[in-house]
Amino acid sequence: MGEQMDEYAVPLDVRFHDIDGQGHLNSAVYHSYAEHARWCHLRSLGVLPEDLRGGGVGPVLLESTIRFRREVRAGQTIRVTVAYEWGEPHGRTFVLRQAFLFEDGAVAAEMESVCGLLDLNARKLIVDPRGYLAGLSPAAHDAFGAFGVFDGGAE
C-alpha cells in the first residue's frame, strides 16, 4: 500500500469475562481490544473523540481480518500494537496493522483493517484522512507527517 509509521502499543490485562467457552479470548473481543488501542494512540497524540465529532467526522472500519496464532487466556497481559499504513496522498482509506503480543513478544494474533474517516453529514469518506488527523494537534502532525494540507471536503 504505502508508507508505514512507527507502531504504538498499549498493555491490556485479559479479563475473565472476555473468555469464551473454550477458555480463551473470545474472537469478538479482539476487535474491542484493537479499538481501545487505537483510541489510546489517538488520545496520546492529543486527538479526542469529541475533536472528531466536533469536526463532523467519525472513524470507520471498512474491512478487518484477524489471524489467530496462539491462545490468549484470562489473567494474561498482552500488548496491542497500532501501526498506520498510508496509501496515496489524498486517498480516502488507510490500513491499520495491529498485533496482539504476549509479554515475551510472541504473537497471539494479528489484525489488518482498512479504515477511513467519514464525513458525518455527507456520509462519505473524506479525502486525505492522514492530513485531517495531522491537523488536529501538534503531536498528531508530528506523528502522521501529512502529505499535504487537508482540503476539508468529501467528494
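Here are legends for a handful of close-up views of one predicted protein model.

**Figure 1. The whole chain, from strand to helix.** Let's start with the overall build: the protein chain has four helices and seven strands. Follow the sequence and you get the pattern β-β-α-α-β-β-β-β-β-α-α. Of the 155 residues in the protein chain, 41% are buried. Contacts reach far along the sequence too: take those with a separation of 6 or more, and 67% of them join residues 24 or more positions apart. On the outside, the protein chain exposes about 8000 Å², with carbon and sulfur atoms supplying 49% of that area.

**Figure 2. Where the predictor is sure of itself, and where it isn't.** The average pLDDT for the protein chain is 90, and 90% of the residues reach at least 70. Strand S6 (residues 107-119) comes out on top with a mean of 98, while strand S1 (residues 3-4) sits at the bottom with 48. Keep an eye on residues 147-155 as well, where the pLDDT is below 50. That stretch still has 25 contacts in the model beyond near neighbours in sequence.

**Figure 3. Tyr-30 meets Phe-100 edge-to-face.** How many aromatic pairs turn up in a search of the whole structure? There are seven, and this view zooms in on the one between Tyr-30 and Phe-100. Their ring centres are 5.0 Å apart and the planes make an angle of 80°, an edge-to-face arrangement. The partners come from distant parts of the chain: Tyr-30 belongs to helix H1 (residues 27-44) and Phe-100 to strand S5 (residues 93-102), 70 residues apart. Are these two rings buried or exposed? Tyr-30 has a relative accessibility of just 2%, so it counts as buried. Phe-100 is buried as well, at 0% relative accessible area.

**Figure 4. A tilted pair, Tyr-84 with Phe-94.** Here the ring centres are 6.0 Å apart and the planes meet at 35°, so this pair is tilted. Tyr-84 sits in strand S4 (residues 77-86) and Phe-94 in strand S5, so the pair ties together parts 10 residues apart in sequence. Both Tyr-84 and Phe-94 are buried. Zoom out a little and these two rings turn out to belong to a cluster, linked through ring pairs with Trp-86 and Phe-144.

**Figure 5. Inside the largest pocket.** The largest pocket holds about 230 Å³ of space. Its lining is made of 14 residues, and those nearest the centre are Arg-38, Pro-59, Val-60, Leu-96 and Cys-115. Which elements supply at least two lining residues each? They are H1, strand S3 (57-68), S5 and S6. H1 gives the largest share, with four residues.

**Figure 6. One enclosed cavity.** Rolling a probe the size of a water molecule over the atoms shows where empty space is left. A search of the whole structure finds one cavity of 30 Å³ or more. The largest cavity has a volume of about 70 Å³. It is lined by 13 residues, with Trp-86, Gly-87, Glu-88, Gly-91 and Arg-130 closest to its centre. Trp-86 is a name you've met already, as part of the ring cluster. S5 and helix H3 (129-134) are the elements that give two or more residues to this lining.

Key:
Residues are numbered from 1 along each chain as its sequence is written. This is a predicted model: local features need pLDDT of at least 70, side-chain atom pairs count only at pLDDT 80 or more; totals for chains, interfaces and linings use all residues. Side-chain values use heavy atoms; hydrogens and water are left out. pLDDT is the predictor's confidence in each residue, from 0 to 100. Contact means heavy atoms within 4.5 Å. Rings of Phe, Tyr and Trp (its six-membered ring) pair if their centres lie within 6.5 Å; planes under 30 degrees apart count as stacked, over 60 as edge-to-face and the rest as tilted. Buried means under 20% relative accessible area, exposed over 50%, partly exposed in between (1.4 Å probe, protein chains only). Accessible areas come from the Shrake-Rupley method with a 1.4 Å probe; for residues, only the protein chains shown count as cover. On a 1 Å grid over the protein atoms alone, a cavity is a set of points where a 1.4 Å probe fits but cannot get out, and a pocket is an open set with protein on both sides within 12 Å along at least five of seven lines; lining residues have an atom within 4 Å of a point. Grid points are joined across faces, edges and corners, and a volume is the space filled by probe spheres set on the points.
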